[in-house]
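Student: I am new to this structure. Please pick one helix and take a close look at it. Tell me what spaces it lines and what it packs against.

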Amino acid sequence: MVQEAIISLLQIVIFPGFLFLILAAFFYEWVDRKIVARLQNRYGPLHTGPKGLLQPFADFLKLLSKEDIIPYATDKLFFSAVPVFMLSLPLTALFCIPIINSTALVAFEGDLILVIFITTLIVISVFMGAWASTNRFSTVGGMRACLQMLGYEIPLTIALVGPAIVAKTLSISKIVQWQTTGLWFILTQPLGFIIVTICFLAELQKIPFDIPRAETEVVAGWLTEFGGKKLALLRLAEDLELVLAGSIMASLYLGGPSGFGFMSPFVWFIIKLTICILILSNLRALFARFRIDQLMRGVWKYLTPLALLQIILVELIPW
């Protein structure tokens with residue numbers, strides 16, 4: 001009993017828990033920056049560590065060492081709490097993702113709904129951070145972020161339900177287990193995978209969906225007043241959200257840690273997660289920023305009807 005408790009504690013704290021997830025967040029920030037830089041004929045991170053591998057960690061330490069300034073006019077309680085909320089939300093959701101085998105550390109019927117709910121809480125935290133800043137650039141950036149992220153939550157949620165309908169479960173672990181005996185959902189629901197990929201780009205506020213942070217219009221958007229330790233936590237939270245997005249795509253559409261041959265399930269998961277993040281990074285490098293009217297037209301005129309079409313196809317075609 002004591003040995004099982006110690007193993008569970010080590011899994012939560014070290015692997016595949018907090019320490020591993022934070023290191024993965026730094027690593028995939030480096031992958032994202034490096035890939036985008038190479039696609040744009042730049043070098044990207046280069047000097048800190050081999051091939052610049054330690055640059056995200058060095059940036060994090062630099063921000064931690066800076067003075068923590070709280071502007072006089074801010075709502076101090078919310079302004080200080082938002083970075084902690086933003087960091088804890090994706091970490092919590094990642095515990096529902098199977099990483100080292102087909103069952104996650106936290107697995108229950110309905111954990112898919114919990115993860116979708118957490119993505120909505122992230123949007124609310126962004127709005128709270130913008131509102132608490134009482135800065136006009138932060139407020140405009142926060143309103144843009146809410147308009148964009150809440151809009152894209154709708155087709156994202158509809159598309160994520162597709163695998164759950166076929167597997168007849170709302171548990172991410174059971175959806176992964178269903179794919180070990182059947183086809184990966186990227187083969188039977190490619191439209192859903194495309195919709196989820198586009199929606200996650202919008203949820204992550206990455207190019208071409210970075211209108212909430214358009215530097216020439218709203219400085220840094222809702223992040224304008226954050227600096228020092230708070231900005232360090234928010235940057236780390238963004239990296240964790242990137243890992244969460246890639247992990248959901250890999251689990252629901254690529255079979256998660258399931259695979260074949262001699263490689264362990266963990267290696268399969270890392271390969272699939274890396275592929276998903278490379279897809280997101282490639283799209284970020286390919287497109288220019290959309291205007292806000294183009295963003296909203298895209299979600300309501302195209303993505304939402306296509307997501308509903310995907311659900312109709314799932315119901316009509318027996319896989």
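Tutor: Start with a term. A pocket is an open set of grid points with protein on both sides within 12 Å along at least five of seven lines, and its lining residues have an atom within 4 Å of a point. Keep in mind that this is a predicted model.

The helix to follow is α11, residues 228–253. Begin with the largest pocket, which holds about 950 Å³ of space. Its lining counts 41 residues. Glu-29, Lys-206, Arg-213, Arg-235 and Glu-238 are the ones nearest the pocket's centre. Four elements give two or more residues to this lining: α2 (18–39), α3 (55–65), α5 and α11. Which of them gives the most to the lining of the largest pocket? It is α11, with 9 residues. The lining is mixed by class: 21 nonpolar, 17 charged and 3 polar residues.

Now the cavities. The whole structure has 2 cavities of 30 Å³ or more. The largest has a volume of about 100 Å³. Around the largest cavity sit Thr-119, Ile-122, Met-149, Phe-200, Glu-203, Leu-204, Glu-241, Leu-244 and Ala-245. Here α5 (111–133), α9 (190–203) and α11 each give two or more residues. Again α11 gives the most, this time with 3 residues. The class count for this lining is 6 nonpolar, 2 charged and 1 polar.

The second largest cavity comes to about 50 Å³. Ile-248 is one of its lining residues, along with Leu-112, Val-115, Ile-116, Thr-119, Leu-156, Leu-160, Ile-172 and Phe-200. In this case α5 gives the most, with 4 residues. At least two lining residues come from each of α5 and α6 (136–167). No charged residue lines the second largest cavity; the split is 8 nonpolar and 1 polar.

Because α5 keeps turning up in these linings, check its length: its 23 residues should span 33 Å at 1.5 Å a residue, and its end C-alpha atoms are 33 Å apart, which agrees. Thr-134, just after α5, has a positive phi of about 50°.

Next, what does α11 pack against? Take α7 first, residues 172–181. The axes of α7 and α11 come within 8 Å and cross at roughly 45°. Angles under 35 degrees count as roughly parallel, and 65 to 115 as roughly perpendicular. The two helices α7 and α11 are therefore oblique to each other. On the α7 side, the contact uses Ile-172, Ile-175, Val-176 and Gln-179. They meet Ser-251, Leu-252 and Tyr-253 of α11. By class this contact has 5 nonpolar and 2 polar residues, and no charged ones.

Then there is α6. Its axis and that of α11 lie 10 Å apart, at an angle of about 35°. Ala-159, Leu-160 and Pro-163 of α6 touch Ile-248, Leu-252 and Tyr-253 of α11. This contact has 6 nonpolar residues, with no polar and no charged ones.

Put the pieces together. Ile-248 lines the second largest cavity and also takes part in the contact with α6. Leu-160 of α6 has both roles too: a place in that cavity's lining and a place in the contact with α11. Ile-172 lines the second largest cavity and meets α11 from α7. Leu-252 and Tyr-253 serve the contact with α7 and the contact with α6.

Methods
Residues numbered from 1 in each chain as written. Predicted model: local features only at pLDDT ≥ 70, side-chain atom pairs only at ≥ 80, totals over all residues. Heavy atoms only, no water. 1 Å grid on protein atoms, 1.4 Å probe; cavity = no way out; pocket = protein on both sides within 12 Å on 5 of 7 lines; lining within 4 Å. Points joined across faces, edges and corners; volume = space filled by probe spheres on them. Nonpolar A, V, L, I, M, F, W, Y, C, P; charged D, E, K, R; others polar. Expected span 1.5 Å × (residues − 1). Axes fitted to C-alpha atoms, helices over the stretch in contact; angles between N-to-C directions. Parallel < 35°, antiparallel > 145°, perpendicular 65-115°, else oblique. Contact = heavy atoms within 4.5 Å.
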